[in-house]
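Please take a look at the structure shown below and turn it around for a moment. Then we will walk through it together, one part at a time.

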Amino acid sequence: MTLNTTIDLKAAKALGPLPPQHPVVRVDKVGVLLVNLGTPDATDVKSMRRYLREFLSDKRVIEWPRALWLPILHGIVLNTRPKKSGAAYDLIWNKERNESPLRTFTRAQSEKLAMSLADHDHVVVDWAMRYGNPSMESVVQKMLAAGCQRIVMFPLYPQYSATTTATVNDKFFEALMKLRFQPAVRTVPSYQDEPVYIEALARSIEKHLAALDFEPEVVIASYHGIPQSYFKRGDPYPCHCWKTTRLLRERLGWDEKKLIGCFQSRFGPEEWMQPYTDMTVEKLAKEGVKSIAVFNPGFVSDCLETLEEIAGEAGEIFHHAGGKNFTHIPCLNDSEEGMAVIETLVRRELSGWV
Ligand SMILES: C=CC1=C(C)c2cc3[nH]c(cc4nc(cc5[nH]c(cc1n2)c(C)c5CCC(=O)O)C(CCC(=O)O)=C4C)c(C)c3C=C
Ligand SMILES: [Fe+2]
Ligand SMILES: [Fe+2]
């Protein structure tokens, strides 16, 4: 299908010959752009510092006054954290592809989505990262060159937060700001309560638990945290997390003791949303709970925060405190259930365009 033509040739001829430098612009394709948080290119200190500098300079992520934060970032954080984070990434790095798991999964999601949308031969699917590579700007340019004059941009965060969804949107629009001939765009909204998402989570939990040789007494839904002050100033993220957990409880037929919601990944001295995952895991073990499962509904793909902090560290905390059986349920990643979520939401947002 041809959606449009670049110029009305008849009208253009009436104006006289076209300027020789007039660019040829292709406009017959629709782009679907999947975007996740980002990731360092390598685990060495230099690559880690470059990545963390970009990430932690984002005003949507660290809301502290710049005059206070930038000296701390450049004087302390970027001198200490790159080595520590690099060592953590080393533990989970995809050595075969020499990249982080987040990049591997995001690429796989994009490739699988492209295959399932193959019935629309004018749809182009690609992926980008908010921080690091491939950059949003480079992929927007690539899509324009391929003829996408309409783009559906999908921030891969089920629950909305200014620290994630909004900053991805900002970066996308920043890339568009530089264009004379902008594409028409749609952004995919958060989907904390979409039935297809709740169903996918429930099935992946059921499948994982059915394969275990123990039954967890408690299952923890662990979301990335945000500082409490962000919530108090209007970020709806915690409400979205609580809603996802409640709907899952209803779907699984579990009560508030069996499925609990927690927040992980504190950063800096402020109070973050509670209960904290690490403290909860420790408390449960000390109270005599022997078997638990943890999963991460807020992460579309497994990454540092799920593989190292939960599957690794939280498991250790549980065992040290007297727990016996710990299991981490993988994220939806590029599983059949996970792809059903992405494809359903993308097809909905493409309506009228394909
Ligand atoms: C104030 C700091 C941070 C806020 C707020 C925050 C929110 C937030 N983050 C995610 C998802 C991810 N975060 C990841 C890593 C990560 N996050 C922070 C800080 C904040 N995040 C840091 C410092 C790091 C880096 C970890 C380190 O270097 O030690 C990742 C993992 C990326 C990967 O490549 O594996 C994800 C994903 C969400 C969903 C969120 C708020 C809703
Ligand atoms: Fe984070
Ligand atoms: Fe972490």
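**A ligand and two domains**

The shell around ligand 1 takes at least three residues from domain 1 (9–191 + 337–349) and at least three from domain 2 (195–329); these bounds come from an automatic or database domain assignment. Before going further, keep in mind that this is a predicted model, in which local features need pLDDT of at least 70 and side-chain atom pairs count only at pLDDT 80 or more, while totals for chains, interfaces and linings use all residues. Residues are numbered from 1 along each chain as its sequence is written, and chains are lettered from A and ligands numbered from 1 in the order in which they are written.

Let's stay with the ligand. Which residues are closest to ligand 1? They are T39, S85, H224, C303 and L304, out of 24 residues that surround ligand 1 (a residue is near a molecule if its C-beta atom, placed from the backbone, lies within 6 Å of it). The elements that give two or more residues to this shell are β1 (29–39), α3, α6 and α11; helices (H or I, at least four residues) and strands (E, at least two) are DSSP runs, numbered from the N terminus. The largest share, three residues, comes from α3. By class, the shell has 13 nonpolar, nine polar and two charged residues, where Ala, Val, Leu, Ile, Met, Phe, Trp, Tyr, Cys and Pro count as nonpolar, Asp, Glu, Lys and Arg as charged, and the others, Gly among them, as polar.

H224 deserves a second look. An unreviewed UniProt entry places the feature "binding site" at H224 and E305; such annotations may be inferred rather than shown by experiment. Although these two are spread over 82 residues of sequence, they cluster in space, with a largest C-alpha distance of 7.9 Å. H224 sits in strand β5 (residues 218–224), and E305 in helix α11 (residues 304–320).

Is H224 buried or exposed? H224 counts as buried because it has 27 C-beta neighbours inside 10 Å, whereas E305, with 19, counts as partly exposed (buried means 20 or more other C-beta atoms within 10 Å, exposed 12 or fewer, partly exposed in between, with C-beta atoms placed from the backbone). Leaving aside neighbours within four places in sequence, H224 is in contact with Q264, S265, G298 and E305 (C-beta atoms, placed from the backbone, within 7 Å).

Finally, back to the domains. The centres of domain 1 and domain 2, taken over C-alpha atoms, are 27 Å apart.

Terms used: Two residues are in contact if their C-beta atoms, placed from the backbone, lie within 7 Å.
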